[in-house]
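Okay, thanks for making time this morning. I'd like to walk you through one model, so let me put it up on the screen.

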Amino acid sequence: MRPCTWLRLAPLLGVVACGGATDPDPNPSSTPTPDACTSSPSAFATKVTDWWVPACSLTQNTYNDPQEAIGPPNAGGFGPLNYTGFISLGFGGRVTLDLGGCISDRPGPDLRLYQAVGSEPFSVYVSLSPAGPFTLVETRKACGERIDRVKGYCDVDIASGGAGQARYVRVEDGELWPCPGDTVSEGADLDAVQALSVPTSAAPAR
């Protein structure tokens, strides 16, 4: 999390260079979960199925709980040490979330990602299986349309990557500021993921 976003680092720079463990393949071969679309989706993500933040970010980040990305947006507080309600993804880190059922592409955006505090970019992938394969639908999209002084958002159309349906949403840091940096909230800061086609009354309790 930084006050402004610039292209500071080539996207191909490996995370290993900053001392973290080698990132597993983000797009493993897999078949879709047979019952992926039999249940109805929730308005907001219901479960974390996978997350990874490099060790060099974990050692200094204050905001490391992936469960903070579940449910409606609730980021608040004040910084740098007293924010609440989000996970800082670190240098190239990610979290994969389950919407509880499948959404289908519709005209306009399908997903809303909530970013805390700043406007760091996200890369977004979707899948019908928690193990993939994942389809890239947005690359390093700046995410900072303001709601209030802490919360912002950006919208994503899954058809941008050719996806017609999605249940699992993988959100990846797109800031790519090399760690360890000079902040306790390294990387993009994810508050929540919303399925825009689902009424918010279907959101799970948090």
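I'll go through the overall fold, then the disulfides, and then one threonine.

First, a word of warning: what you're looking at is a predicted model. So, the overall picture. We have 1 helix and 12 strands in the protein. If you read along the sequence, the pattern goes β-α-β-β-β-β-β-β-β-β-β-β-β, so you get a strand, then the helix, and after that it's strands through to the end of the pattern. The protein has 206 residues, and 49% of them count as buried. As for the surface, about 8700 Å² is exposed, and 56% of that comes from carbon and sulfur atoms.

What about the contacts, how far apart in sequence are the residues they join? Take the contacts between residues at least 6 apart in sequence: 80% of those join residues at least 24 apart.

Okay, disulfides. The structure has 3 of them. Count the bonded cysteines along the chain and the pattern comes out as 1-3, 2-6, 4-5. Let's take them in that order.

The one to start with is C37 with C102, where the sulfur atoms sit 2.0 Å apart. C37 is in the segment before β1, which runs 47-52, and C102 is in strand β5, residues 94-104, so this pair links distant parts of the chain, 65 residues apart. Which hand does the disulfide of C37 and C102 have? The torsion about the S-S bond is about -75°, so it's left-handed. Now look at the burial of the two ends. C37 has a relative accessible area of 37%, so we call it partly exposed. C102 comes in at 12%, and with buried meaning under 20%, C102 counts as buried.

Next up, C56 and C179, again a disulfide, with sulfur atoms 2.0 Å apart. Where do these two cysteines lie? C56 is in helix α1, residues 55-58, and C179 is in the loop between β11 (165-173) and β12 (189-195). That means the pair ties together parts that are 123 residues apart in sequence. C56 is buried, at 8% relative accessible area, and C179 is buried too, at 6%.

And then C143 with C154, sulfur atoms 2.1 Å apart. The torsion about this S-S bond is -90°, and the link is left-handed. C143 sits in the loop between β8 and β9 (145-146), while C154 is in strand β10, residues 151-156, and the two are 11 residues apart. Buried or exposed, what would you say for C143? At 0% relative accessibility, C143 counts as buried. C154 is buried as well, with a relative accessible area of 5%.

Last stop, the threonine I promised. T135 is in strand β8, which covers residues 135-141. T135 has 30% relative accessibility, and partly exposed is the class between 20% and 50%, so that's where T135 goes. Which residues does T135 touch, leaving out anything up to four places away in sequence? The answer is V124, Y125, V126 and G161. There's also R170, which is 35 residues away from T135 along the chain, and there the C-alpha atoms are separated by 9.4 Å.

Okay, that's what I had. Happy to rotate the view if anyone wants another look.

Technical notes: Residues are numbered from 1 along each chain as its sequence is written. This is a predicted model: local features need pLDDT of at least 70, side-chain atom pairs count only at pLDDT 80 or more; totals for chains, interfaces and linings use all residues. Side-chain values use heavy atoms; hydrogens and water are left out. Helices (H or I, at least four residues) and strands (E, at least two) are DSSP runs, numbered from the N terminus. Buried means under 20% relative accessible area, exposed over 50%, partly exposed in between (1.4 Å probe, protein chains only). Contact means heavy atoms within 4.5 Å. Accessible areas come from the Shrake-Rupley method with a 1.4 Å probe; for residues, only the protein chains shown count as cover. A disulfide is a pair of cysteine sulfur atoms within 2.5 Å.
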